[in-house]
Each structure stands twice: as C-alpha cells, then as structure tokens.
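Here is a small set of exercises to work through with the model open beside you. Try each task before you read its solution.

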Amino acid sequence: TYIGSLLVSVNPYQELDIYTVTQMQLYRGVNFFELPPHLYAIADNAYRVMCSEYNNHFILISGESGAGKTEASKKILQYYAVTCPTTEQLQTVRDRLLLSNPVLEAFGNAKTLRNDNSSRFGKYMDIQFDFKGAPVGGHILSYLIEKSRVVHQNHGERNFHIFYQLLEGGDKDLLCWLGLERNPQKYTYLIQ
C-alpha cells in the first residue's frame with residue numbers, strides 16, 4: 001500500500017509473479033497513483049522526476065532483518081536496466097551494477113534465525129545518469145559490515161557466507177597458504 005509517496009511492502013518469503021518485464025512496461029511512464037502500489041511505480045516516479053527536474057533523487061529502502069531490502073534494491077536495478085535508454089556501453093555499466101550484488105552478498109551475508117541469506121551490512125548505492133537519462137555509472141559509497149558476526153553468532157546462526165565458500169571451494173594450495181583447514185568444525189568461532 002502507499003502512504004503518501006511511501007511504499008509499504010511485506011516480504012512474502014516466496015517468488016511472486018509481480019516482477020516481470022511485462023510488469024515493468026506496465027508501470028513505465030504511468031502516473032504514480034494510476035496503478036496499484038508497486039516497487040516499479042516508486043522506481044519510475046523517482047526516475048521521471050529526476051529527468052524532468054534535472055535534480056538528484058534517492059530511494060530509501062528500510063526495514064528489519066528479512067524484510068526484503070536487498071531484494072527490493074535488486075528489483076529497482078533490474079527495472080532501470082530494462083526501462084532506461086541503452087547502448088552497448090551502458091549495458092556493460094548496468095550489468096556491473098546488477099552483478100555486484102552476488103559478490104557483496106558473499107562477503108557480507110550470513111545465516112540468521114530469520115533469513116538464510118541475510119545481509120549483515122548496509123550500503124548506499126549511487127547510480128549516475130547522463131543528461132538523456134541513461135545510466136552511465138555507479139558505485140557503493142559505504143559498506144558497513146557487522147563486525148561482531150566474525151567473533152560471535154547467536155545459536156542457530158552462521159558467520160559470513162564467504163568463509164564457508166572459501167573452505168568448500170578454495171583449492172588445497174590456497175587453503176594451505178592461508179593456514180586454513182577445509183573442515184569448518186575445526187574453528188572455535190564457528191562452533192561456540
């Protein structure tokens with residue numbers, strides 16, 4: 001539902017058929033309150049106001065752990081990737097923005113009691129557009145990792161995914177060079 005220009009959404013903890021290219025086209029260029037509330041309406045409205053006012057705009061995504069903030073940011077990036085003007089060079093920029101999420105998730109996500117793939121960090125992603133409204137670049141302005149997760153996890157939770165991925169997928173020489181053993185049960189911080 002909308003509260004003014006705010007969108008309030010609930011994570012259904014399952015895939016819904018509401019984030020398709022057809023949905024993107026439906027919300028593209030439509031008056032904000034003309035269609036039912038949707039993440040794409042927020043993204044489209046911010047984009048159109050930015051282009052018409054030649055001014056910076058932002059979308060703030062907030063919520064508790066497991067609310068779907070990371071997924072919402074991915075959906076907004078995908079919306080811009082499909083609906084903004086494009087060239088081959090711009091497609092490369094968009095792909096880099098979209099593909100940065102899995103890398104960040106490996107280094108900054110962990111299993112919690114509420115979410116097996118919970119972001120344990122905050123980020124401010126900045127997307128730059130040219131005067132025609134095409135995305136030309138982007139970067140992450142801050143990356144705030146939950147440092148306490150390295151040394152303490154609640155019962156039933158895990159450390160950052162990257163450590164387990166390194167133990168599982170790192171070749172023998174790399175693990176030896178890093179002084180690591182493949183079995184995660186050998187690490188005091190992981191089994192307390």
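**Exercise 1. Place Gly68 in the fold and describe its exposure.**

Step 1: Gly68 belongs to the loop that connects helix 2 and helix 3. Helices here are DSSP runs of H or I with at least four residues, strands are runs of E with at least two, and both are numbered from the N terminus.

Step 2: Gly68 has a relative accessibility of 25%, so it counts as partly exposed. The cut-offs are under 20% relative accessible area for buried and over 50% for exposed, with partly exposed in between (1.4 Å probe, protein chains only).

Step 3: Now look towards Asp44, which is 24 residues from Gly68 in sequence and 19 Å away in space, C-alpha to C-alpha.

A word on the ground rules: this is a predicted model, in which local features need pLDDT of at least 70 and side-chain atom pairs count only at pLDDT 80 or more, while totals for chains, interfaces and linings use all residues. Residues are numbered from 1 along each chain as its sequence is written, and side-chain values use heavy atoms, with hydrogens and water left out.

**Exercise 2. Find Tyr54 and say what is notable about its phi angle.**

Step 1: Tyr54 sits in the loop between helix 2 and helix 3, which is also where Gly68 lies.

Step 2: The phi of Tyr54 is positive, about 50 degrees, although this residue is not a glycine.

Step 3: Tyr54 is exposed, because its relative accessible area is 69%.

**Exercise 3. Is His38 buried or exposed, and which residues does it contact?**

Step 1: Start with the location: His38 is in the loop that runs between helix 1 (21-27) and helix 2 (39-53).

Step 2: His38 is buried, because its relative accessibility is 7%.

Step 3: Set aside neighbours within four places in sequence, and His38 is in contact with Tyr2, Leu7, Ile18, Tyr19, Gln23 and Tyr27. Contact means heavy atoms within 4.5 Å.

**Exercise 4. Work out the setting of Phe163.**

Step 1: Phe163 is part of helix 6 (residues 161-169).

Step 2: With a relative accessible area of 23%, Phe163 is partly exposed.

Step 3: Beyond residues up to four places away in sequence, Phe163 touches Leu180, Tyr187 and Leu190.

Step 4: Phe163 and Phe107 are 56 residues apart in sequence, with 8.2 Å between their C-alpha atoms.

**Exercise 5. How far apart in space are the C-alpha atoms of Ser73 and Met125, and those of Ile3 and Thr86?**

Step 1: Ser73 lies in helix 3 and is buried, because its relative accessibility is 18%. Its C-alpha atom is 9.1 Å from that of Met125, 52 residues apart along the chain.

Step 2: Ile3 is in strand 1 (residues 2-3) and counts as exposed, at 52% relative accessibility. Between the C-alpha atoms of Ile3 and Thr86 there are 33 Å, and the two residues are 83 apart along the chain.

**Exercise 6. Which residues line the largest cavity?**

Step 1: A search of the whole structure turns up two cavities of 30 Å³ or more. On a 1 Å grid over the protein atoms alone, a cavity is a set of points where a 1.4 Å probe fits but cannot get out, and lining residues have an atom within 4 Å of a point.

Step 2: The volume of the largest cavity is about 50 Å³. Grid points are joined across faces, edges and corners, and a volume is the space filled by probe spheres set on the points.

Step 3: Its lining consists of Leu77, Tyr80, Ala81, Arg94, Leu97, Leu98, Ile127 and Pro135. Two elements, helix 3 (69-83) and helix 4 (88-108), each give two or more residues to this lining.

**Exercise 7. Step back and describe the whole protein.**

Step 1: The protein has eight helices and six strands, in the order β-β-α-α-α-α-β-β-β-β-α-α-α-α from the N terminus.

Step 2: Its C-alpha atoms fill a box of roughly 55 × 35 × 30 Å along the principal axes.

Step 3: Of the 192 residues, 32% are buried. Among contacts between residues at least 6 apart in sequence, 50% join residues at least 24 apart.

How values were computed: On a 1 Å grid over the protein atoms alone, a cavity is a set of points where a 1.4 Å probe fits but cannot get out, and a pocket is an open set with protein on both sides within 12 Å along at least five of seven lines; lining residues have an atom within 4 Å of a point.
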